[in-house]
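Got your viewer open and a selection box ready? Take this as a walk from stop to stop, with something to pick at each one.

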Amino acid sequence: MGTLMRQPRLRYAVIGAGAGILNAHRPALALPEVDLAAVADVNASVGRQRAEELGCAFYGDYRQMLAETGPDVVVIFTPPFLHASMAIDSLRAGSHVLIEKPMAVQVSEADAMLDAARQNQRLLGVFFQHRFRPEVNAARQLLQQQVLGQIQRVELIATWPRPDSYFKLASWRATWWGEGGGILTNQASHNLDVLCYLLGQPTRVVAWTRRLLHAIETEDTVQAMLEWSDGALGMLHISTAEADRPERLKIVGTHGSLELGPGELTAQILDVDMRDYQVHCSDPYESPRARPYEVTWEESTGDHVAVYRDFHQALLNGTDLRSDGIHGLEELELANAINYSSYNHREVLFPLDQLDYATLLESLRQQNN
Ligand SMILES: NC(=O)c1ccc[n+]([C@@H]2O[C@H](COP(=O)([O-])OP(=O)(O)OC[C@H]3O[C@@H](n4cnc5c(N)ncnc54)[C@H](O)[C@@H]3O)[C@@H](O)[C@H]2O)c1
């Protein structure tokens, strides 16, 4: 008789099981690698109900859960202002951590989380599931292979229409104390993450944040100008007050361009790189010709299951984590820098001064107390 290969299983625990986002996690919590030991929530009635549905223990106090269940992996989907302390507690308790975006509300907290991960030699992953979208990865490949030449221009427009009823779903939403921002630290964290994933973190930003429509403390609309270290220039416009295309990212290089949207990627290639054209074209008015560039991608889904699968690969087989905290921090620093630029009416160079940012955030919290 042959030996039966047993599926390796990881002991899991969840903090914030009553969250609306649990539904996106349910298929992943049913993966064969997941042995869900317990869930915690301060809301005991919903927490108990979720524990019953998921067939695991319930705790009202997550610290007690960590101490008594000793999970391999802790998944955190509480409101953002709790992310840093809960992640650090879990890492110090010896667990690996998978945390919902944004990984924290300010970049100094994200740094402290990464320090805790390093000191305790644990993995810290963030739910940036858009990194697993096939069209995002096809775009990343085009950029890595330098098919577009030297990047010159980046335009990102993303609209996430939300009515006021959305912001009333929970008291922490769109507040300075609860999430340290509006669209910047909530919906658009995915857009900022894709931007940094594809192009790296910008090095300079000038921005305006506005509250155009909603009865909230924080911004619902953002306009920003960006610059990267290689000289690429960009703009972004994001809003929960507008209803336009959900995502349009255009990247123009000296040798071609691409346009990315949900489930869509098109690319064009020039018959001559602009760097050669400007030197060698003898006709003062001739433009380079563009032709469609065929883009192919592998089937995959940009969902929560993909993030868990990648995390399991990293834990069980030692592969690199695609959605890791080190890179998760980049979009948070960009969000903080945009906010800082708007309130201080000046450009911000990276790295963002974390103490100055903490002072700004504290004063915004005080003003809205
Ligand atoms: N990746 C995505 O696409 C995506 C989508 C939606 C939300 N999110 C993120 O998920 C997180 C949760 O969002 P939501 O809208 O589902 O939240 P929610 O307000 O619906 O739920 C938060 C839960 O945390 C619990 N909680 C609060 N304090 C706690 C404590 N001290 N201990 C234990 N539990 C506690 C609450 O009781 C509640 O059940 C946020 O960070 C949000 O940005 C991510």
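**First stop: a strand pair in a mixed sheet**

Select Val-154 and look across to S10: the residue standing opposite is Gly-234. Keep in mind as you go that you are looking at a predicted model. Now widen the selection to strand S7, residues 151-159, and strand S10, residues 233-239; the two run parallel, and 7 bridges join them.

Next, colour the whole sheet around that pair. Its 9 strands come in the order S14-S13-S12-S11-S7-S10-S9-S8-S15, the sheet is open, and the pairing is mixed. At the edges you'll find strand S14 (290-293) and strand S15 (348-349), each of which pairs on one side only.

Now show helix H11, residues 325-344, which packs on this sheet. Helix H11 touches strand S8 (204-210), strand S9 (221-227), S10 and S15. Turn the view until you can compare H11 with S8: their directions make about 70° with each other.

**Second stop: a histidine in S10**

Stay in strand S10 and click on His-237, which lies there. Is His-237 buried or exposed? His-237 counts as buried, because its relative accessibility is 17% and the cut-off for buried is under 20%.

Show what surrounds this side chain. Leaving aside residues up to four places away in sequence, His-237 touches Leu-156, Ile-157, Ala-158, Thr-221, Val-222, Gln-223 and Glu-242. For a distance check, draw a line from the C-alpha of His-237 to that of Gly-178: it should read 23 Å, for two residues 59 apart in sequence.

**Third stop: charged pairs**

Switch on the Arg, Lys, Asp and Glu side chains. In general, side chains of opposite charge can pair when their charged atoms come close. How many salt bridges does a search of the whole structure find? The search finds 15.

Begin with Arg-153 and Glu-155, which form a salt bridge with their closest N and O atoms 2.3 Å apart. Check the accessibility of each partner: Arg-153 counts as partly exposed at 37%, while Glu-155 counts as buried at 17%.

Move on to Glu-259 and Arg-245, whose side chains meet in a salt bridge at 3.4 Å, N to O. Where do the two sit? Glu-259 is in strand S12 (residues 256-261) and Arg-245 is in the loop between S10 and strand S11 (248-253), so this pair, 14 residues apart, links distant parts of the chain. Glu-259 is partly exposed at 22% relative accessibility, and Arg-245 is partly exposed at 39%.

Select both pairs together and add Arg-248. Arg-153, Glu-155, Arg-245, Arg-248 and Glu-259 are linked in a network of salt bridges.

One more pair to pick: Arg-275 and Asp-273, with a salt bridge of 3.0 Å, N to O. Arg-275 counts as partly exposed at 42% relative accessibility, whereas Asp-273 counts as buried at 9%.

**Fourth stop: a nonpolar patch**

Turn on the surface and select Val-206, Trp-208 and Met-225. These three form a nonpolar patch on the surface, with about 270 Å² of accessible area together. Trp-208 lies in strand S8 and counts as partly exposed, at 41% relative accessibility.

**Fifth stop: an enclosed helix**

Hide the surface and select helix H8, residues 189-199. Why is H8 described as largely enclosed by the rest of the structure? Because 11 of its 11 residues are buried. Label a few as you go, including Ser-189, His-190, Asp-193, Cys-196 and Tyr-197. Then step just past the end of H8 to Gly-200, which takes a positive phi of about 85°.

**Last stop: the parallel sheet**

Finish with the other sheet. Here 6 strands lie in the order S3-S2-S1-S4-S5-S6; this sheet is open too, and the pairing is parallel. The edge strands, each pairing on one side only, are strand S3 (57-59) and strand S6 (124-126). Neighbouring strands are turned by 25° against each other on average, with direction ignored.

Zoom in on strand S1, residues 10-15, and strand S4, residues 73-76, which run parallel and are joined by 4 bridges. Click on Ala-13, then find its bridge partner in S4: that's Val-74.

Definitions and conventions
Residues numbered from 1 in each chain as written. Predicted model: local features only at pLDDT ≥ 70, side-chain atom pairs only at ≥ 80, totals over all residues. Heavy atoms only, no water. Pairing = 2+ DSSP bridges. Contact = heavy atoms within 4.5 Å. Axes fitted to C-alpha atoms, helices over the stretch in contact; angles between N-to-C directions. Patch = residues over 30% accessible without salt bridge, like charges linked within 9 Å, V, L, I, M, F, W, Y side chains within 5 Å. Areas by Shrake-Rupley, 256 points an atom, 1.4 Å probe, with all protein chains shown as cover. Salt bridge = Lys/Arg side-chain N within 4 Å of Asp/Glu carboxyl O. Buried < 20%, exposed > 50% of the residue type's maximum accessible area, 1.4 Å probe, protein only.
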